[in-house]
Amino acid sequence: MAQGLPSAASLSRFCQKLNRLKPLEESTMDTSLQRCLSMLDLTLLGVGGMVGSGLYVLTGTVAKEMAGPAVLVSFTVAAVASLLAALCYAEFGARVPRTGSAYLFTYVSMGELWAGFIVAVGSICAMNTVLLSNLFSLPRIVYAMATDGLFFQLFARVHPRTQVPVVGILVFGVLMALLALLLDLEALVQFLSIGTLLAYTFVATSIIVLRFQKASPSSSPGPSSPGPLTKEHSSFSDHLQLVGTGQAAASVPGQLRPALRPYLGFLSRCSPGTAVVWALSILVVSAITLGCVLVFGDSALHLPRWAYLLLLLLSFSMFLLSLLVLGAHQQQHQQDTFQIPLVPLTPALSILLNICLMLKLSYLTWLRFCIWLLVGLAVYFGYGIWHSKENLREPLGLTATRYVVFPSGSLEETVQAVQPSSQVPAPEPSCVGQPASP
């Protein structure tokens, strides 16, 4: 290997850092913030966010310059998109009731970079344009990022008496005021829309990921509680792919439904979760393609009629096929928390509608958002990736994991403790659910 170039192992570790998940622990509900908002406060904040500029100011602008007499149709489409996103947020809010909103939801299910940080950048981009009502929520998202180590620790400080993140309120309050001073209303609204719709899209995707991944234990054995070592999965694809065989007779998320195995045998030959990962990837790509054809097919692309219809048919067929493949696999079913109906159809429609609405925004809005995203990625790669709590929680060489495929097709996972050479030799590997030898 050429001198100065990173090795394959270091590149693999770096990619794992980008894709690592935030584990759910019993301390998830702990917070140093004051819980002071009542049901009435939350309701009034929500109504204020909807009724403000969106109803009293934008109605005339949209009717005059964009929709014309179809303004009611425009508001209906926006309402449907908001309803689908609200259902996805409701399921995550019931499972992870903690400060962080879309940032925390996607960090838990999809990974640190594409879930947490990018969604947080989009949320901050959106909330910076709504001013007063989001002074309640934006500093708390920044506080959640700071406590996770992804943002500067200055923003994790809480006032000892009022129990609010004062630094975040002051800094982002000033930033909100500057944006309101420098940008006109249309630019602010489009900037708000792209960040909000991006967060909606990631949350809807996270719902699909969450439903088809195996629930992991909330904590692992510590030094004071001896027992078999368990591997903490470092990415959402690991959650989908690594399923123990002790539950072969039970309903395991990510596996093909038993009733469909005689008809879809080629999918059952894949390791649990592999087909789900591919189907979800194809669903997102086909949704983007379908949105581009619907929005730009007759205008910007100048496609002939036959090419427009062919692309429309192909992209819709791939979207529908990926939905069918996802629906053919088993899901998580929890009785004690709210779960949205018709998964994966409901979040898939949310993804498609959000993408179509984002593609309707101006090129200048996309340019502003890309600049904002580049700034956020610079903060992440310069600070967050190295100071993340998950980075400190995963010291290099802590465990070595091996996977064994038995003749029956079952997958077993063994975890062996690895100690530095200066310490005593490592103990014998302990197996998780290893069957007795014949």
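**A buried loop residue, its surroundings and the nonpolar core**

Gln339 lies in the loop that runs between helix 14 (305-327) and helix 15 (345-359). The model described here is a predicted one, and in it Gln339 counts as buried, because its relative accessibility of 18% falls under the 20% limit used for that class. A polar atom of the Gln339 side chain lies 3.5 Å from the backbone oxygen of Gln332. When residues up to four places away in sequence are not counted, Gln339 touches Gln332, His333 and Gln334, and also Glu91, Arg95 and Arg211.

Some of these names return around Leu210, which is found in helix 10. Leu210 touches Glu91, Phe92, Arg95 and Gln332, again not counting residues up to four places away in sequence, and Glu91, Arg95 and Gln332 are likewise touched by Gln339. With 7% relative accessibility, Leu210 counts as buried. Although Leu210 and Phe105 are 105 residues apart in sequence, their C-alpha atoms are 9.7 Å apart in space.

Helix 14, at one end of the loop that holds Gln339, contains Ser315. This serine is buried, with a relative accessible area of 5%, and a polar atom of the Ser315 side chain lies 2.8 Å from the backbone oxygen of Leu311. Leaving aside neighbours within four places in sequence, Ser315 is in contact with Ser286, Thr289 and Leu290.

The largest nonpolar core comprises 79 residues, of which Tyr103, Met145 and Phe151 touch the most other members. The largest share of this core comes from helix 10 (residues 185-211), which supplies 13 residues. In soluble globular proteins, nonpolar side chains tend to be buried together. Apart from its neighbours within four places in sequence, Tyr103 is in contact with Gly116, Phe117, Val119 and Ala120, as well as with Ile141, Ala144, Met145, Asp148 and Leu150; Met145 is thus both a contact of Tyr103 and, like Tyr103, one of the three core residues that touch the most other members.

Nonpolar side chains are also found on the surface, where Val174, Leu178, Leu181 and Leu182 form a patch with about 440 Å² of accessible area together. One of these residues, Leu181, has its place in helix 9 (residues 166-182). Leu181 is classed as exposed because its relative accessible area is 68%, which is over the 50% limit for that class. Leu210, by contrast, is a leucine that counts as buried, at 7% relative accessibility.

Key:
Residues numbered from 1 in each chain as written. Predicted model: local features only at pLDDT ≥ 70, side-chain atom pairs only at ≥ 80, totals over all residues. Heavy atoms only, no water. Patch = residues over 30% accessible without salt bridge, like charges linked within 9 Å, V, L, I, M, F, W, Y side chains within 5 Å. Areas by Shrake-Rupley, 256 points an atom, 1.4 Å probe, with all protein chains shown as cover. Salt bridge = Lys/Arg side-chain N within 4 Å of Asp/Glu carboxyl O. Helix = DSSP H or I, 4+ residues; strand = E, 2+ residues; numbered from the N terminus. Buried < 20%, exposed > 50% of the residue type's maximum accessible area, 1.4 Å probe, protein only. Core = buried A, V, L, I, M, F, W, Y, C linked by side-chain atoms within 4.5 Å. Contact = heavy atoms within 4.5 Å. Polar contact = N/O pair within 3.5 Å; in protein donor to acceptor, adjacent residues only side chain to side chain.
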